[in-house]
Structure formats: structure tokens, C-alpha cells
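Please open the model in your viewer, with the sequence panel beside it, and keep a selection tool to hand. The tour moves from the whole chain to single residues.

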Amino acid sequence: MDTRKELRKYITAELMRDASYQLGDDEALISGGLIDSFSLVELQLFIEQKFGVFIDDTELTTDNIDCLNDIVALVEKRQ
């Protein structure tokens, strides 16, 4: 399983609603306006279901998960 690939696919297809978007690893998701704060809950649920990793609500901030690299690091650290 490729964590980065799965997360990129989910974020572009489901949260951004543009599966063809070429999301960069360091591209700002929240602060860059690609996803909104409501999408964070969907992302949180996806991560818990797909990877078995719990992310506390207090961690859903731009400081912690504003780009794909941040999200991948968080998931892999907890696996």
C-alpha cells in the first residue's frame, strides 16, 4: 500500500472533486484554498478507516496537516 498515493487520490477525487489535479507534495491544501475546514473531518474519517490511524480533532489544523507531506508523515508515524 502506498500511503502517499492513496491520500493524493482521495484528496483530489473526493475533497477537491478534481481527480486530474496534479497535487504537489508540499502544496498548501487548507491555507491555499484547495480544501475547506469541513473537508478535514472527511479526511480524518478516511485516514481512520483506510489506515487504522486515529487523529484527534485538535490535530486538524493548518500547522499540522496543510500539505500532503504533513499528512503522510502523520499517518506513517502512527502506523
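What follows is a series of selections, each with a description of what is there.

**Before selecting anything**

This is a predicted model, in which local features need pLDDT of at least 70 and side-chain atom pairs count only at pLDDT 80 or more, while totals for chains, interfaces and linings use all residues. Residues are numbered from 1 along each chain as its sequence is written, and side-chain values use heavy atoms, with hydrogens and water left out.

**The whole chain**

Show the chain as a cartoon: its secondary structure comes to 4 helices and 0 strands, where helices (H or I, at least four residues) and strands (E, at least two) are DSSP runs numbered from the N terminus. The radius of gyration is 11 Å, close to the 12 Å that the globule rule gives for 79 residues, so the chain is as compact as a globular protein of that length; the radius is taken over C-alpha atoms, and the rule is 2.2 Å times the number of residues to the power 0.38. Along its principal axes, the C-alpha trace spans about 30 × 25 × 20 Å.

Now colour by accessibility, taking buried as under 20% relative accessible area, exposed as over 50% and partly exposed as in between (1.4 Å probe, protein chains only). Buried residues make up 38% of the 79 residues. If you turn on contacts (heavy atoms within 4.5 Å), residues 24 or more positions apart account for 59% of the contacts with a separation of 6 or more.

**Helix α1 and what follows it**

Select residues 3–15, which form helix α1; its 13 residues reach 17 Å from the first C-alpha to the last, close to the 18 Å expected at 1.5 Å a residue, the expected span being 1.5 Å times one less than the number of residues. Add Asp-2, which caps the N-terminal end of α1 through a side-chain oxygen that lies 3.2 Å from the backbone nitrogen of Arg-4.

Which residues of α1 are buried? They are Thr-3, Leu-7, Tyr-10, Ile-11, Thr-12 and Leu-15, and the buried residues of this helix pack against α2 and α4 (68–78). When you look along the helix, bear in mind that an α-helix has 3.6 residues a turn, so residues three or four places apart point the same way.

Step on to Arg-17, which lies in the loop between α1 and α2. Phi of Arg-17 is near 60 degrees, a positive value in a residue other than glycine, and at 62% relative accessibility Arg-17 counts as exposed.

**The nonpolar core**

Next, show the side chains of Leu-7, Ile-11, Leu-43, Ile-47 and Ile-71, which have the most contacts inside the largest nonpolar core, a set of 23 residues. Such a core is a set of buried Ala, Val, Leu, Ile, Met, Phe, Trp, Tyr and Cys residues joined through side-chain atoms within 4.5 Å. The elements that give two or more residues to this core are α1, α2 and α4.

Centre on Leu-7 and leave aside its neighbours within four places in sequence: among its contacts are Leu-43, Phe-46, Ile-47, Leu-68 and Ile-71.

**Gln-44 in helix α2**

Move to Gln-44, in helix α2 (residues 37–51). Is Gln-44 buried or exposed? With a relative accessible area of 7%, Gln-44 is buried.

The side chain of Gln-44 makes a polar contact with the side chain of Asp-57 at 2.9 Å; a polar contact is a pair of N or O atoms within 3.5 Å, and within protein one must be able to donate a hydrogen and the other to accept it, while residues adjacent in sequence count only if both atoms are side-chain atoms. A polar atom of the Gln-44 side chain also lies 2.5 Å from the backbone oxygen of Ile-55. Not counting residues up to four places away in sequence, Gln-44 touches Ile-55, Asp-56, Asp-57 and Leu-60.

**Along α2 and out of it**

Still in helix α2, select Val-41, which is partly exposed with a relative accessible area of 43%. Val-41 and Ile-55 are 14 residues apart in sequence and 10.0 Å apart in space, C-alpha to C-alpha. Lys-50, also found in α2, counts as partly exposed at 38% relative accessibility.

Finish at Gly-52, in the loop between α2 and α3 (62–65), which counts as exposed at 64% relative accessibility. A distance drawn between the C-alpha atoms of Gly-52 and Ser-39, 13 residues apart along the chain, should read 19 Å.
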